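Here are my notes for your next look at this protein. Please keep the structure open while you read.

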Amino acid sequence: MENTKLLDTVEALSALVEQGNLNEPQLLEQAVPLIAALVAKDDWLPADMAIPHPQYYQQQLLYGDPQDRFSLVSFVWGPGQTTPIHDHTVWGVIGMLRGAEVNEPFRLTGQGIEPDGAQHILQPGEVACVSPSIGDIHRVSNAYDDQVSISIHLYGGNIGRIQRSVYDADTGAQKAFVSGYSNAMVPNLWASQV
Ligand code: FE
């Protein structure tokens, strides 16, 4: 049977941002069930978008809205890999597809950054949100040191092109960065319909 989950999700997300008049809570409210449905069953991610790198976590662009209203990314964690502490500057929805990841929230203080509540482990099928208004700074790690984990990230912009920040874990010093994407090619969403 054809599996058009990725294409179906992109169509639904396009319709969502096309409404144009939704505020961030409304966008998150409507995007969460779309991402939850996408990660409910691990049977659709193109194999090329699931390959870990021995050294670096991978950010595979699955789809980028031509008007930069949203992007959909496959995060592939090799065993034990972790992000620096970073922010996003746009809203985001994270759905766990395979394995598990550890999410450690942080917040800015006058002196730097400090943990903002307990860390949380995201299990397959679960969804979490980030944004400047609900908490935007975190560090994410593969929960496993002996297997690959994969989460699917939706952002309210072209996350690979957005200027944002990483933070030094000890001093809280802020440094500008643009993440880019790991892949040279994006998946052919329409291949299953040919
Ligand atoms: Fe993040």
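The points below cover the metal site, the first helix, some strands and the nonpolar cores.

1. Status of the model. This is a predicted model. Please read every value below as computed from it.

2. The iron site. Which residues hold the iron ion? The protein donors are H86, H88 and H138, each through NE2, lying 2.1 Å from the metal. Their spacing in sequence is H-x1-H-x49-H. H86 is buried, because its relative accessible area of 9% falls under the 20% limit. H88 is buried too, at 1%.

3. Helix α1, length. Helix α1 covers residues 5–18, which makes 14 residues. At 1.5 Å a residue, the helix should span 20 Å. Its end C-alpha atoms are 20 Å apart, so the model agrees with the expected span. After α1 comes G20, with a positive phi near 75 degrees.

4. Helix α1, packing. Which residues of α1 are buried? They are L6, L7, T9, V10, L13, L16 and V17. An α-helix has 3.6 residues a turn, so residues three or four places apart point the same way. Check the list above with that in mind. The buried residues of α1 pack against one helix, α2 (24–39). They also pack against three strands: β1 (58–64), β2 (71–77) and β10 (149–155).

5. The β1–β2 hairpin. Six of the seven residues of β1 are buried, so call this strand mostly covered. β1 pairs with β2 in the antiparallel sense, over six bridges. Within this pairing, L61 stands opposite V73 of β2. Six residues lie between the two strands of the hairpin. D68 takes a positive phi there, near 60 degrees.

6. The main core. The largest nonpolar core has 29 residues. Those with the most contacts inside it are W44, L45, L62, L72, I152 and L154. Elements giving two or more residues to this core are α1, α2, β1, β2, β4 (92–98) and β10.

7. L72 in detail. What does L72 touch, beyond residues up to four places away in sequence? Its partners include L6, V10 and L13, which are among the buried residues of α1. L72 also touches I35 and L38. Further contacts are Q60, L61, L62 and Y63. I152, H153 and L154 complete the list.

8. A second core. Another core lies apart from the largest one. This other core has 10 residues, among them W77, V90, Y155 and I162.

9. H153. This histidine sits in strand β10. Is H153 buried or exposed? At 3% relative accessibility, H153 counts as buried. Its side chain makes a polar contact with the side chain of Y155, at 2.7 Å. Leaving aside neighbours within four places in sequence, H153 is in contact with S71, L72, V73 and F75. V93, I94 and E101 are also contacts of H153.

10. Y144. Where is Y144 placed? This tyrosine is in the loop between β9 (137–142) and β10. Y144 is partly exposed, with a relative accessible area of 30%. Beyond neighbours within four places in sequence, Y144 is in contact with P79, G80, G99, A100 and S149. Y144 and E101 are 43 residues apart along the chain. Their C-alpha atoms are separated by 7.7 Å.

Key: Residues are numbered from 1 along each chain as its sequence is written. This is a predicted model: local features need pLDDT of at least 70, side-chain atom pairs count only at pLDDT 80 or more; totals for chains, interfaces and linings use all residues. Side-chain values use heavy atoms; hydrogens and water are left out. Helices (H or I, at least four residues) and strands (E, at least two) are DSSP runs, numbered from the N terminus. The expected span of a helix is 1.5 Å times one less than its number of residues. Buried means under 20% relative accessible area, exposed over 50%, partly exposed in between (1.4 Å probe, protein chains only). Contact means heavy atoms within 4.5 Å. Two strands pair if DSSP finds at least two bridges between them. A polar contact is a pair of N or O atoms within 3.5 Å; within protein, one must be able to donate a hydrogen and the other to accept it, and residues adjacent in sequence count only if both atoms are side-chain atoms. Donors are N, O and S atoms within 2.8 Å of the metal (3.2 Å for Na, K and Ca); water is not among the atoms, so sites may look incomplete. A nonpolar core is a set of buried Ala, Val, Leu, Ile, Met, Phe, Trp, Tyr and Cys residues joined through side-chain atoms within 4.5 Å.
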